[in-house]
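Biologist: I've got a new chain to look at and a few basic things I'd like to ask. Could you bring it up so we can go through it together?

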Amino acid sequence: MSARKLIAALGACALLATGCGGSAPMGAAGAAAGRDEGPVKIGALHPVSGSNAVDGQQMRRGAQMAVDAINAAGGIKSLGGRKVELVTGDTQGKADIGQSEAQRLISAGAVGLVGTYQSAVSTNVAVVAERNRVPFVADVTASDAIYAHGYKYVFRVQPGSKVIATAAAQYLQQVSQQAGKPVEKVAFLHEQSDFGSGAAEAFTAAAEQLGIEVGPNISYDAASVSDLTAQVTQVKASGADVLAVAGYYRDSLLAAKAIASVKPDLDAVWGVSNGAFDQPKFVTDAGDLGALYFSTNYHYDATNPQTVALREQYQRTFGDPMRTGAVLSYDAVQVIAQAVEKAASTDPEKVRDAIAAAQVAPLTVGAGPIEFASNGDNRNAMAVLMQIQDGQVKQVYPPEKAESRPEYQVTWRP
């Protein structure tokens with residue numbers, strides 16, 4: 001069964017009033033009692049082991065920093081200053097484990113969940129949240145399929161796959177035209193789950209409407225791939241002038257190494273929801289990249305003093321640059337905590353209603369406060385174009401969000 005059919009099947013099951021088993025979720029009474037006393041528990045589900053453990057650990061730390069900030073400011077004031085506690089689960093990057101960990105955290109009394117970094121995992125967590133009537137605020141989850149099922153307890157902070165991919169096509173056309181080298185043909189390399197496939201489909205639709213040819217479309221298994229030389233060789237043979245890439249960190253780094261080896265004649269490598277190309281660590285790991293690499297994605301707001309201060313604190317504490325995923329986790333925890341404050345309650349259904357009416361100032365790039373449309377999407381989430389310039393990731397487009405100007409079609413080649 002495909003992932004999307006699984007979403008539909010599980011979603012229909014979740015929306016039944018008594019759940020698929022015909023009874024209330026296990027542990028519901030105990031969880032309800034546990035929420036009424038002690039710290040207010042917020043669950044964090046991320047892959048802190050497995051191939052995406054670096055990102056998962058970053059996001060867990062970002063969530064914990066949000067909890068620490070809330071507690072330092074006096075806790076949940078409407079509940080008499082009750083402290084907040086982050087209860088955590090390791091998804092290992094596996095959908096079934098994410099599902100069981102979500103149920104465990106809810107049974108332990110979590111008033112809401114954040115996570116999960118991988119869309120396939122978030123698909124299952126969303127079903128658990130809906131069945132238990134406990135809000136799930138996705139920090140990093142690109143797949144739009146989750147938000148097409150009428151769920152009432154599932155929200156998302158970041159822009160979705162279609163928003164990012166459409167912006168990626170538009171930004172590519174505009175930036176290449178301004179450089180005097182309009183893009184003609186784009187090859188697309190992507191991991192094969194709903195995340196990568198959805199990004200490729202949305203980008204292709206938007207690009208073709210703009211008169212840009214897209215092909216070949218090449219997929220791979222991010223969990224098992226160890227080399228992408230053959231795929232990049234196919235790109236080189238296609239004559240594409242731009243290569244778009246939608247993948248996670250490890251596999252996108254493999255793509256960069258293959259590009260350096262195969263040396264296709266490209267004007268740009270264009271990340272679409274890419275998990276690597278806007279990361280400082282990628283610049284170090286990939287070596288000399290010139291100005292070939294762009295990335296259209298969600299991003300921490302480099303122009304926001306609060307964001308700058310948070311990232312400086314993270315660097316001092318952990319000795320590592322804070323990635324955007326960790327900032328989104330911080331934002332997601334703030335959404336739940338502010339909803340608990342507004343509801344003056346740990347009843348997940350009241351917290352859910354407060355989230356639905358929320359207006360939370362984000363530390364990531366947006367067109368306004370975090371506020372949710374009826375399907376759970378953040379209606380003010382937006383994508384920004386970044387480029388690696390002189391060894392640093394810079395916001396370059398659109399102009400109102402730019403730190404510097406884009407440098408497209410430079411003479412450097414790998």
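Biologist: Which helix is the place of Ser238?

Modeller: Keep in mind that this is a predicted model. The helix we want covers residues 229–238, and Ser238 sits within that range. So the numbering, which defines helices from the N terminus, gives its name. The place of Ser238 is helix H8.

Biologist: And which residue has its backbone nitrogen 3.2 Å from a polar atom of the Ser238 side chain?

Modeller: Away from its sequence neighbours within four places, Ser238 is in contact with Lys185, Ala187, Gly215 and Pro216. The backbone nitrogen you're after isn't in that list, though: it belongs to Ala240.

Biologist: Let's move on to Thr346. Is it buried or exposed?

Modeller: Thr346 is found in the loop between helix H12 (324–343) and helix H13 (348–356). Leaving out residues up to four places away in sequence, it touches Arg35, Asp36, Val40, Leu79, Arg82, Val111 and Val351. Its relative accessible area is 7%, and the cut-off for buried is under 20%. So Thr346 counts as buried.

Biologist: What about Val157, buried or exposed?

Modeller: Val157 is also in a loop, this one between strand E5 (154–156) and helix H6 (161–178). Beyond four places in sequence, its contacts include Val137, Leu328, Ile370 and Ala381. With a relative accessibility of 3%, set against the cut-off of under 20%, Val157 comes out as buried.

Biologist: How many Å separate the C-alpha atoms of Val157 and Ala223?

Modeller: Along the chain, Val157 and Ala223 are 66 residues apart. In space, the separation of their C-alpha atoms is 26 Å.

Biologist: Now the whole chain. Why is it said to be as compact as a globular protein of that length?

Modeller: The secondary structure of the protein chain comes to 13 helices and 12 strands. For 414 residues, the globule rule gives 22 Å. The chain is called as compact as a globular protein of that length because its radius of gyration is close to that, at 21 Å.

Biologist: What share of the contacts with a separation of 6 or more comes from residues 24 or more positions apart?

Modeller: Let's set the scene first: 58% of the 414 residues count as buried, and the C-alpha trace spans about 65 × 45 × 35 Å along its principal axes. As for those contacts, the share from residues 24 or more positions apart is 69%.

Biologist: Last one: how far apart are the mean positions of the positive and negative charges?

Modeller: The protein chain has 34 positive and 40 negative charges. Take the mean position of each set, and the distance between the two is 3 Å.

Terms used:
Residues are numbered from 1 along each chain as its sequence is written. This is a predicted model: local features need pLDDT of at least 70, side-chain atom pairs count only at pLDDT 80 or more; totals for chains, interfaces and linings use all residues. Side-chain values use heavy atoms; hydrogens and water are left out. Helices (H or I, at least four residues) and strands (E, at least two) are DSSP runs, numbered from the N terminus. The radius of gyration is taken over C-alpha atoms; the globule rule is 2.2 Å times the number of residues to the power 0.38. Buried means under 20% relative accessible area, exposed over 50%, partly exposed in between (1.4 Å probe, protein chains only). Contact means heavy atoms within 4.5 Å. Lys and Arg count as positive and Asp and Glu as negative; His and the chain ends are not counted. The place of a charge is taken as NZ of Lys, CZ of Arg, CG of Asp or CD of Glu. A polar contact is a pair of N or O atoms within 3.5 Å; within protein, one must be able to donate a hydrogen and the other to accept it, and residues adjacent in sequence count only if both atoms are side-chain atoms.
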